[in-house]
Amino acid sequence: MDYTRFALNPETLPGAVPVRRATVNGETLRGICTAVHESGGLLHALWGCDERDREGGYLLRVALQDDAGLLLLELPVDAAQLCFPNVADTFPAADRMQRAVHDLLGLRPQEGDTRPWLRHGSWPADCFPLRRDYAGSEPPTAEDYPFVRVTGNGVHEIAVGPVHAGTIEPGHFCFSVVGEKVLRLEERFGYAHKGIEKRFETLPLMDGQRLAARVSGDSAVAFSWAYCMALEGLCGVTPPLRALWLRALCLERERIANHLGDLGALGNDAGFAVGLAQFSRLKEDWLRTNQRAFGARYLMDALVPGGTRCDLDAAQRRDLLDALPPLTAELGVLRDIYDDHTGLQDRFTGAGCVPPALARRLGLIGLSGRASGQSWDLRCDHAHAPYDALAVHMAGRLQGDVAARVAVRFEETLESLRLCQVLLENLPGGDVRGSMPPPAGRLGIGWIEGWRGPVLVALEPGADGSIRRCHPHDPSWQNWPVIEHAVIGNIVADFPLINKSFNLSYSGQDL
Amino acid sequence: MNITTLITQLTEVILAVIAAPLLMGWVNQCRSWLQNRRGAGMLQPYRQIRKLFHKDAVIAAHASPLFRLVPYVQFASMCLAAAIIPSLWTGLPFAVAADTIALVGLFATARVFLALAAMDIGTAFGSMGARREMLVGFLAEPALLMVFFTASLISHSTSLPTIVETLAHGRLAIYPSLAFAGVAFLMVLLAENARIPVDNPATHLELTMIHEATVLEYSARHLALIEWSVALKLFNYTCIGLALFLPWGLAAGTHSPGDLLLAIPITGLKLLVAGFGLALIESLNAKLRIFRAPEFLATAFLLAVLGLLVHLLLGS
């Protein structure tokens with residue numbers, strides 16, 4: 001799209017994905033956000049940096065996606081005013097990110113929600129952990145969090161979590177209901193805040209991918225690849241082709257493992273325990289194959305900057321290839337069972353519906369976005385190596401209900417199985433690890449289509465091979481607020497099923 | 001009432017109380033097998049109950065005495081029901097005291113107490129569970145009554161042992177009305193015992209629970225009693241079903257010791273088959289959306305009424 005009227009002069013960042021960077025002022029930022037939104041673009045991430053030791057003041061970074069790739073806007077924020085223009089009116093997904101920026105850095109949008117998001121009284125309201133002069137804080141103070149009240153005849157609240165009856169991550173869901181019907185859902189997260197961004201600043205550059213892999217354990221490959229991609233962009237190197245193919249193999253294996261788990265869990269949440277048993281068996285076999293080939297069930301630390309940690313020998317390749325046809329066949333059978341099961345389809349169809357127009361308005365992305373007509377997949381749209389050689393088929397549905405998200409999962413799993421076959425059969429020869437010169441750039445961006453959606457890592461190197469700032473961004477940031485809309489008008493008892501059909505990360509967005 | 005009948009009565013209740021967790025364990029084991037899982041074994045419910053009895057109870061600070069009382073009320077109601085239901089033999093002296101209508105009332109009383117206890121603590125889940133439990137209950141009870149009425153019309157009595165005696169030891173006849181009533185009863189059994197497709201006894205998702213949500217706050221011995229009475233309720237319902245629709249093999253009122261001993265393995269065998277059938281139904285179905293439960297139970301009621309009409313119109 002055309003930014004000439006904003007007098008924007010973007011600089012293209014080196015790296016595997018198309019990223020343009022430009023410095024803007026507040027007015028231009030809002031203008032570009034509106035223009036990008038009107039042309040069908042999205043907000044991907046919004047985060048802040050403490051730059052008082054360099055240029056003075058702070059920096060707010062907004063990552064937008066348009067048809068040419070990622071557009072990274074940098075807005076200098078004055079250290080005395082600590083204030084930036086609100087973009088949540090254009091991109092509703094920005095609201096929680098802006099609140100997190102305030103909790104961590106003390107920068108405040110000029111208008112909008114001022115409640116804390118990540119801060120649960122774990123540090124005082126006037127302490128900002130991501131500032132460079134932060135040196136620990138007082139013991140926690142308990143605070144009230146003002147939930148939005150719904151009043152009316154017969155309206156009552158059901159508060160669920162953060163501790164749940166099952167072994168799942170912590171999150172609080174406040175339902176306002178009449179009888180069984182949900183009038184409003186308000187989410188409250190941040191219980192899994194671990195200070196990951198602060199921890200990055202104490203790690204060496206060449207080691208950061210290990211922490212990145214642990215941002216959200218189910219997306220270990222996506223995050224570590226995004227980190228490595230950002231670092232390789234900074235250093236101006238491209239990993240050997242064999243390493244890239246192996247990375248893609250890991251990423252697709254991660255996608256398949258998660259989809260298998262979700263498909264089983266979705267059956268179970270609809271009371272169809274046979275589905276869970278069968279998919280759990282398939283997933284377990286798959287994870288054990290991971291263990292044999294890569295030494296880790298969830299492919300933790302399989303990737304390193306410059307390549308991959310381990311290589312596959314002929315026997316391991318054979319082992320991986322042999323596992324594909326039986327899984328494809330079993331998946332076909334299970335898909336038929338799911339499709340033909342009246343009870344399951346009755347639960348799936350129409351539940352948690354996000355129509356395409358709402359999905360576009362709220363910026364739903366990734367797998368759930370593709371189930372709501374938001375046909376956008378990084379592996380197809382801005383295919384980096386090796387995806388440029390694979391011609392990935394993008395799955396998609398328009399209905400936007402649980403059934404659509406189930407169907408997209410089935411399609412993507414089958415497509416990923418095909419990709420695994422191609423990747424294993426045509427694996428190029430050569431090294432799996434290249435050399436890593438010291439970083440030349442100031443900012444590197446990694447952008448990878450994980451199983452849940454695109455994950456983004458923005459990496460700034462410090463002096464002597466340290467990390468100055470690293471911001472990992474999970475698509476759950478954008479998609480969690482959509483669930484609040486998806487459940488309106490549904491019955492409370494269907495919420496677990498709807499929630500599972502999105503299966504978003506708590507840890508990935510609590511950081 | 002002589003001493004022999006008293007002993008047989010007591011034996012029946014004690015056997016029911018002891019065997020109930022075994023039936024539950026069998027159903028769960030069959031479910032595991034049907035899902036290609038190994039399962040925890042048929043004795044798992046006993047281990048669970050034993051474990052719970054060895055734990056210290058945690059009770060909410062706001063709990064009233066009612067909350068502590070309800071597990072005992074539940075257990076006692078189910079024991080009493082076991083005394084009325086002819087699971088092994090029909091010569092039950094206690095059965096004179098209560099007919100099928102009283103039996104339905106007994107189940108309803110237990111349910112009301114459970115709902116009260118669920119609301120007693122004041123948590124959102126308890127009230128939600130109580131609300132849903134009563135919704136299922138008030139739709140299931142009329143259907144159950146209609147099933148009993150169909151059977152009573154055949155035997156001209158509402159006393160369960162008399163009905164069973166007529167069906168088992170009267171002239172051999174095929175009753176089409178009982179076929180309708182049988183399907184209706186099966187549907188009521190699934191709903192009343194919180195089984196799939198109405199409720200999911202294995203779920204950990206608070207928001208989808210019906211029965212489980214009402215007992216979320218119970219722990220230790222209270223929970224053990226509740227779980228035991230849940231098992232006993234399933235046992236009772238299965239025995240009612242077997243007595244009404246497959247009454248052959250039950251010892252008659254004028255029994256010889258040989259008949260009594262023979263009734264035990266026959267009933268055991270029938271329970272094994274019924275338990276497997278239940279597990280099969282549960283494995284093949286998904287849970288209904290909660291507002292489909294009324295449709296499900298309305299179907300049960302309709303079938304029971306059809307059974308009644310078939311009997312009145314065809315006289316069979």
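1. pLDDT is the predictor's confidence in each residue, on a scale from 0 to 100. This is a predicted model, and for chain B the pLDDT averages 89, with 97% of the residues scoring at least 70. Among the elements of that chain, the lowest mean pLDDT, 82, belongs to helix 6 (residues 160–169) of chain B, whereas the highest, 95, belongs to helix 2 (residues 44–53) of chain B. Where pLDDT is low, the predicted coordinates should not be read in detail. For the model as a whole, the scores are ipTM 0.85 and pTM 0.90.

2. Turning to the overall form of chain A, I note that the chain contains 16 helices and 15 strands, and that its C-alpha trace spans about 70 × 65 × 50 Å along the principal axes. The radius of gyration of chain A is 22 Å, which agrees with a compact globule, because a globule of 511 residues would be expected to have a value near 24 Å.

3. On the interior of chain A, buried residues account for 51% of its 511 residues. When contacts in chain A are restricted to residues at least 6 apart in sequence, 68% of them join residues at least 24 apart.

4. One sheet of chain A deserves a separate comment: an open sheet of 3 strands, in the order 13-14-15, with antiparallel pairing. Its edge strands are strand 13 (444–449) and strand 15 (467–473) of chain A, each of which pairs on one side only, and the twist from one strand to the next averages 10°. Strand 13 and strand 14 (residues 454–461) of chain A are joined in the antiparallel sense over 6 bridges, and A:G444 has A:L459, in strand 14 of chain A, as its bridge partner.

5. Helix 5 (residues 220–235) of chain A packs on this sheet, where it touches strand 13, strand 14 and strand 15 of chain A. The direction of helix 5 makes about 145° with that of strand 13 of chain A.

6. Finally, the contact between the chains takes 27 residues from chain A and 22 residues from chain B. On the side of chain A that touches chain B, the elements giving two or more residues are strand 8 (155–160), helix 7 (273–294), helix 9 (342–348) and helix 15 (495–502) of chain A. By class, this side of chain A has 15 nonpolar, 5 polar and 7 charged residues.

Conventions:
Residues are numbered from 1 along each chain as its sequence is written. Chains are lettered from A and ligands numbered from 1 in the order in which they are written. This is a predicted model: local features need pLDDT of at least 70, side-chain atom pairs count only at pLDDT 80 or more; totals for chains, interfaces and linings use all residues. Two residues are in contact if their C-beta atoms, placed from the backbone, lie within 7 Å. Helices (H or I, at least four residues) and strands (E, at least two) are DSSP runs, numbered from the N terminus. Ala, Val, Leu, Ile, Met, Phe, Trp, Tyr, Cys and Pro count as nonpolar, Asp, Glu, Lys and Arg as charged, and the others, Gly among them, as polar. Two strands pair if DSSP finds at least two bridges between them. Axes are lines fitted to C-alpha atoms, for helices over the stretch in contact, and angles run from 0 to 180 degrees between N-to-C directions. The radius of gyration is taken over C-alpha atoms; the globule rule is 2.2 Å times the number of residues to the power 0.38. A residue is buried if 20 or more other C-beta atoms lie within 10 Å of its own, exposed if 12 or fewer, and partly exposed in between; C-beta atoms are placed from the backbone.
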